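Please open the structure in your viewer and keep the sequence panel beside it. The tour below suggests what to select at each stop and says what is found there.

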Amino acid sequence: DNPDPEMSSNYNNVPNSMWVTLLNLTGECPLAMYSIWGKVITGVLGLFATGLFGIPIGLLGAGFEELVEEENEDVTEELEQ
């Protein structure tokens, strides 16, 4: 139990706790009061930003993995000869 009533109101149910956790992960201040529209817009922007950065990083990682596998195959072939 948190003795601070303002802080404990942020964690009184699961949706509020998820919202505060999302804000903490993004570096925002969780103690500000957000309207429903503010929460919706922030959530949509968070999903958009995840896709914007996550998809290209995944593609780069997959390309790097292919490059490393090709290098390993070349080295293995050279060692077998």
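How many helices and how many strands does the secondary structure of the chain come to? With the whole chain selected, the secondary structure comes to 3 helices and 0 strands, and from the N terminus on the elements run α-α-α. The radius of gyration of the chain is 23 Å, well over the 12 Å that the globule rule gives for 81 residues, so the chain is more spread out than a compact globule. If you turn the view along its principal axes, the C-alpha trace spans about 75 × 30 × 20 Å.

Before going further, please note that this is a predicted model, and colour the chain by confidence. The mean pLDDT of the chain is 84, with 95% of its residues reaching 70 or more. Within the chain, confidence is lowest in helix 1, where the mean is 80, and highest in helix 3, where it is 89.

Next, show the surface. The chain exposes about 6900 Å², of which carbon and sulfur atoms supply 65%, while 7% of the 81 residues count as buried.

Now select Asn13, which lies in the loop between helix 1 (5-9) and helix 2 (14-26). Asn13 is partly exposed, because its relative accessible area of 36% falls between the limits of 20% for buried and 50% for exposed. Showing the side chain of Asn13 together with the backbone of Asn16 brings up a contact, in which that side chain reaches the backbone nitrogen of Asn16 at 2.9 Å. Then add Glu71 to the selection: although Asn13 and Glu71 are 58 residues apart along the chain, the separation to look for in space is 52 Å between their C-alpha atoms.

The next stop is helix 3 (residues 36-80), where Val44 has its place. Is Val44 buried or exposed? Val44 is exposed, because its relative accessible area of 52% is over the 50% limit. Extend the selection to Ile36, Trp37, Val40, Ile41 and Leu45, which together with Val44 make a nonpolar surface patch of about 670 Å².

Finally, select Phe48, which is also found in helix 3. Phe48 is exposed, with a relative accessible area of 56%. To relate Phe48 to another part of the chain, add Asn10 and draw a distance between the two C-alpha atoms, which are separated by 25 Å, with the two residues lying 38 residues apart along the chain.

Key. Residues are numbered from 1 along each chain as its sequence is written. Side-chain values use heavy atoms; hydrogens and water are left out. Patches are made of residues with over 30% relative accessible area and no salt bridge: like charges are joined within 9 Å, nonpolar side chains (Val, Leu, Ile, Met, Phe, Trp, Tyr) within 5 Å. Accessible areas come from the Shrake-Rupley method with a 1.4 Å probe; for residues, only the protein chains shown count as cover. A salt bridge is a side-chain nitrogen of Lys or Arg within 4 Å of a carboxyl oxygen of Asp or Glu. Helices (H or I, at least four residues) and strands (E, at least two) are DSSP runs, numbered from the N terminus. Buried means under 20% relative accessible area, exposed over 50%, partly exposed in between (1.4 Å probe, protein chains only). A polar contact is a pair of N or O atoms within 3.5 Å; within protein, one must be able to donate a hydrogen and the other to accept it, and residues adjacent in sequence count only if both atoms are side-chain atoms. pLDDT is the predictor's confidence in each residue, from 0 to 100. The radius of gyration is taken over C-alpha atoms; the globule rule is 2.2 Å times the number of residues to the power 0.38.
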